[in-house]
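Biologist: Hi! Could you walk me through this structure in plain words?
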Amino acid sequence: MIKQMLTNQILSAARVMGLQARRNYGISAVLFAKASDPIQQLFVTKLREYAQKSQSAGGKLVDATPEIERELKQEMEKLAKQYGGAQGEDMTAFPAFKFEEPKIDPINASA
């Protein structure tokens, strides 16, 4: 009885370890392999190209025309009006919160 229980536990552990090994191999194979698919290689190339353009743009829109810049400005002004932003306020910045500590009355321990 004990021998059978021990055998079942060993077989169960072996199955789990085999599954983990397959998962780890599958993940690492993808990470270490180069892009062999031409579509995948094109995608990676375009991502790198966009990253370079984005870096050279300095945080602004990539390949933006003056018309697109104007539309962006209009939309940001519309958002500022809709959500109560002041004129010229940066609506893309995360708001700064200031929390004050509440005043707590001391507890009278002698009472």
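Modeller: Happy to! Let's start with the charged side chains, and keep in mind that this is a predicted model. Lys78 is partly exposed, with a relative accessibility of 48%.

Biologist: Which residue does Lys78 meet in a salt bridge?
Modeller: Its partner is Glu75, and the N to O distance between the two side chains is 3.5 Å. Glu75 counts as partly exposed too, at 42% relative accessibility.

Biologist: Where do Glu75 and Lys78 sit in helix α3, relative to one another?
Modeller: They are three residues apart in that helix, so about one helical turn separates them. As a rule, an α-helix has 3.6 residues a turn, so residues three or four places apart point the same way.

Biologist: Nice, that helps. How many salt bridges does the structure hold?
Modeller: There are three salt bridges. Glu49, Lys53 and Asp63 are linked in a network of them.

Biologist: Ooh, a network! How far apart are Lys53 and Glu49, N to O?
Modeller: For that salt bridge the figure is 3.8 Å. Both residues belong to helix α2, which covers residues 38-57, and they are four residues apart, about one turn of the helix.

Biologist: And what about Lys53 with Asp63?
Modeller: Their closest N and O atoms are 3.2 Å apart, which makes a salt bridge. This pair links distant parts of the chain, with Lys53 in helix α2 and Asp63 in the loop between α2 and α3, ten residues further along.

Biologist: Are those network residues buried or exposed?
Modeller: Let's take them one by one. Lys53 is partly exposed, with a relative accessible area of 32%. Glu49 is partly exposed as well, at 33%. Asp63 reaches 59%, so it counts as exposed.

Biologist: Got it. Can we zoom out? How many helices and strands are there in the protein?
Modeller: The protein has three helices and zero strands. Going along the sequence, you read the pattern α-α-α.

Biologist: What percentage of the residues is buried?
Modeller: Buried residues make up 2% of the 111 residues. A residue has to be under 20% relative accessible area to be called buried. As for the surface, the protein exposes about 11,200 Å², and carbon and sulfur atoms supply 60% of that area.

Biologist: Back to α2 for a second. What span should its 20 residues have?
Modeller: At 1.5 Å a residue, α2 should span 28 Å. The C-alpha atoms at its ends are 28 Å apart, so the model agrees with that expectation.

Biologist: What happens just after α2?
Modeller: There you meet Gly58, which takes a positive phi of about 75 degrees.

Biologist: Changing topic: which residues make the nonpolar surface patch?
Modeller: Leu61, Ile68 and Leu72 make it, and the patch is about 240 Å². Ile68 lies in helix α3. With a relative accessible area of 39%, Ile68 is partly exposed.

Biologist: I like rings. How many aromatic pairs does the structure hold?
Modeller: It holds two aromatic pairs. One of them is Phe94 with Phe97, an edge-to-face pair with 6.1 Å from centre to centre and 75 degrees between the planes.

Biologist: And the pair of Phe97 and Phe99, why is it called stacked?
Modeller: The planes of Phe97 and Phe99 are at 20 degrees, so the pair is stacked, and the ring centres are 6.2 Å apart. The cut-off for stacked is under 30 degrees, while edge-to-face needs over 60.

Biologist: So how do these Phe residues fit together?
Modeller: Phe94, Phe97 and Phe99 form one aromatic cluster.

Biologist: Are Phe94 and Phe97 buried or exposed?
Modeller: Both Phe94 and Phe97 are exposed. Phe99 is exposed too.

Biologist: Last one: where is Gly88?
Modeller: Gly88 lies in the segment after α3. At 78% relative accessibility, Gly88 counts as exposed. Its C-alpha atom is 9.8 Å from that of Met76, a residue twelve positions away along the chain.

Biologist: Great, thanks! Could you give me one thing to look at again?
Modeller: Try the salt-bridge network of Glu49, Lys53 and Asp63. Find Lys53 in helix α2, then look for Asp63 in the loop between α2 and α3.

Methods. Residues are numbered from 1 along each chain as its sequence is written. This is a predicted model: local features need pLDDT of at least 70, side-chain atom pairs count only at pLDDT 80 or more; totals for chains, interfaces and linings use all residues. Side-chain values use heavy atoms; hydrogens and water are left out. A salt bridge is a side-chain nitrogen of Lys or Arg within 4 Å of a carboxyl oxygen of Asp or Glu. Helices (H or I, at least four residues) and strands (E, at least two) are DSSP runs, numbered from the N terminus. Buried means under 20% relative accessible area, exposed over 50%, partly exposed in between (1.4 Å probe, protein chains only). Patches are made of residues with over 30% relative accessible area and no salt bridge: like charges are joined within 9 Å, nonpolar side chains (Val, Leu, Ile, Met, Phe, Trp, Tyr) within 5 Å. Accessible areas come from the Shrake-Rupley method with a 1.4 Å probe; for residues, only the protein chains shown count as cover. Rings of Phe, Tyr and Trp (its six-membered ring) pair if their centres lie within 6.5 Å; planes under 30 degrees apart count as stacked, over 60 as edge-to-face and the rest as tilted. The expected span of a helix is 1.5 Å times one less than its number of residues.
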